[in-house]
Amino acid sequence: MNQPGGRQRAAVAQSPQFESRCSQARCRSCGHAGLDGILDLGAMPLADGLLTGEQLGQAEARYPLELAFCPDCTLVQIVETVPPEVLFGADYPYFSSFSAALLEHSRDNALNLIAQRRLNAHSLVVEIASNDGYLLKNFLERQIPVLGIDPAAGPVRAAREIGVPTLQEFFSLDLARRLTDEGKRADVIIANNVLAHVADTNGIVAGMAVLLKDGGVVVIEVPYLRELIDHCEFDTIYHEHLCYFSVTAVDRLARRHGLYLNRVQQLPIHGGSLRLFLELKDRRRSSVTEMLAAEAALGMDRVDYYRTFARRVAALQHRLRRLLGRLQSQGRSIAAYGAAAKGAIMLNSARVGQDIIRYVVDRNVHKQGKYMPGVHIPIDAPQRIMEDKPDYVLVLPWNFKDEILRQCQEYRDQGGRFIIPVPRPVVV
């Protein structure tokens, strides 16, 4: 198989260089000096850094991708910080509205918040990282005022086109203060899958506390660290995701800024997520108390819980390469579905290149015609699956596998098979 340029491995034994970088790093949350290394994925391209044909011959930036644990506040985080302007610039390709499952999930969330919080025309809902307006449009349907905040030009333009007022900015403590000076205070602040993306972890939470109205609520969704570790979801580790949250880590982070984690829900989306409810008064419910106790009993507040993760990641990668190699040796054709960020990490770290995967398909028209970072596999429209009828399709965004399998039922009816890589490679 191809081995794309750069250091491509999952380290089982930590290198002295990896240990040294972790020991010199400071925690993004509490500032503790010295982190414990968990996993070294090597030098990886930016997971959402899709390439045009003209860019294929140019040097491609790669950055260390190393996971570490803070022994003080328990936050799991990557060591390297890529500038946000590089990660979320004008060519940022992620548009939430291309996933039917995410749209349904988001609409249910919005309708529940409207009912529970009794939101009306006098309320204000603010979403941090509002993308293309996929969620806020549900509040607008009920004449509830909204404000989106997102730094990416393409999604912001799409949101404005459907009538969702959106600021093209990074959310920060300074922005929160500016909004309050303008008389804006939020009844509800929504931050779905963004807390992990912000380098100034303390600044975003402090900003939430400033912008939140008395009696209001901050609703945050994050992938759950326990699911990531237990189910070997290593491909959700990439440079946009700076932090990986447990309930314990969120509770300690929020309290530092006068916010209190009062309720938590576990959700199946994205391979297992948390929905966290933060308020300005401490009214902790049993859902939080029970999960904090469960995490302590599992040892998630100690580094020993994470010691075997690198070895299990290496084993999963080996199984995937062996499966794909066996199918190729049998003359089987293989494509992939979903040019997702996690797919870029899966392919690059497992050393699966163009000689194995002929192409990737994706519903997002903004990705079609481009190439996967690092491995340079071309991205096409989903109808190519039915035109070519490859023998196997590797599902890269495995967290949406049910939706993808439904969309491709005709292909399956004609004998097509899918490979689901996580938590272990299986053919369905």
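This report walks through the sheets, some helices and a few unusual backbone spots of the structure above.

The model is predicted, and local features need pLDDT of at least 70, side-chain atom pairs count only at pLDDT 80 or more, and totals for chains, interfaces and linings use all residues. Residues are numbered from 1 along each chain as its sequence is written, and side-chain values use heavy atoms, with hydrogens and water left out. Helices (H or I, at least four residues) and strands (E, at least two) are DSSP runs, numbered from the N terminus.

**The seven-stranded sheet**

Strands of a sheet pair through backbone hydrogen bonds, either parallel or antiparallel. Here, two strands count as paired if DSSP finds at least two bridges between them. Seven strands make up an open sheet with mixed pairing, in the order S6-S5-S4-S7-S8-S11-S10. Strand S6 (166-168) and strand S10 (260-267) sit at the edges with a single partner strand each, so one side of each is left without a neighbour in the sheet. From one strand to the next, the twist averages 15°.

At the S10 end, S10 and strand S11 (residues 273-279) pair in the antiparallel sense over seven bridges, with Gln-265 opposite Arg-275 in S11. At the other end, helix H5 (residues 153-161) lies across strand S5 (146-150) and S6, and runs at about 160° to S6. For that angle, axes are lines fitted to C-alpha atoms, for helices over the stretch in contact, and angles run from 0 to 180 degrees between N-to-C directions. Contact itself means heavy atoms within 4.5 Å.

Helix H9 (residues 247-255) is worth a look too. Seven of its nine residues are buried, so H9 is largely enclosed by the rest of the structure. Buried means under 20% relative accessible area, exposed over 50%, and partly exposed in between (1.4 Å probe, protein chains only). The buried set is Val-247, Thr-248, Ala-249, Val-250, Asp-251, Leu-253 and Ala-254. What do they pack against? The buried residues of H9 pack against helix H7 (201-211), S10, S11 and helix H10 (286-298).

**Asp-132**

Asp-132 is in the loop between strand S4 (125-128) and helix H4 (136-140). Asp-132 is buried yet has no salt bridge, and the nearest side chain of opposite charge, Lys-137, is 7.0 Å away. A salt bridge needs a side-chain nitrogen of Lys or Arg within 4 Å of a carboxyl oxygen of Asp or Glu; for charge, Lys and Arg count as positive and Asp and Glu as negative, while His and the chain ends are not counted. A polar atom of the Asp-132 side chain does lie 3.2 Å from the backbone nitrogen of Tyr-134.

**The four-stranded sheet**

Another open sheet has four strands in the order S1-S2-S3-S9, with antiparallel pairing. Its edge strands are strand S1 (36-45) and strand S9 (243-244), each pairing on one side only. Strand S2 (residues 62-69) and strand S3 (residues 76-78) are joined by three bridges and run antiparallel, and Leu-67 stands opposite Ile-78 in S3. Two helices lie across S1 and S2: helix H1 (residues 16-24), at about 110° to S1, and helix H11 (residues 309-329), at about 35° to S1.

**Strands S12 to S17**

In strand S12 (residues 334-337), Ile-334 and Ala-336 point one way and Ala-335 and Tyr-337 the other way, and all are buried. The table lists pairings in this part of the chain.

| Strands | Sense | Bridges | Facing residues |
|---|---|---|---|
| S12 and S13 (residues 360-361) | parallel | two bridges | Ala-336 and Val-360 |
| S12 and S15 | parallel | four bridges | Tyr-337 and Val-395 |
| S15 (residues 392-395) and S16 (residues 417-420) | parallel | three bridges | Tyr-392 and Arg-417 |
| S16 and S17 (residues 426-427) | antiparallel | two bridges | Ile-419 and Val-427 |

A hairpin of five residues joins S16 to S17.

**Backbone oddities**

Most residues other than glycine have a negative phi, and most peptide bonds are trans. Pro-423, in the loop between S16 and S17, is joined to Val-422 by a cis peptide bond with omega about 10°. His-376 has a positive phi, near 60°, and lies in the loop between S13 and strand S14 (379-380). Lys-389 also has a positive phi, near 50°, and is found in the loop between helix H13 (383-388) and S15. Is Lys-389 buried, exposed or partly exposed? At 40% relative accessibility, Lys-389 counts as partly exposed.

Notes. Polar contact = N/O pair within 3.5 Å; in protein donor to acceptor, adjacent residues only side chain to side chain.
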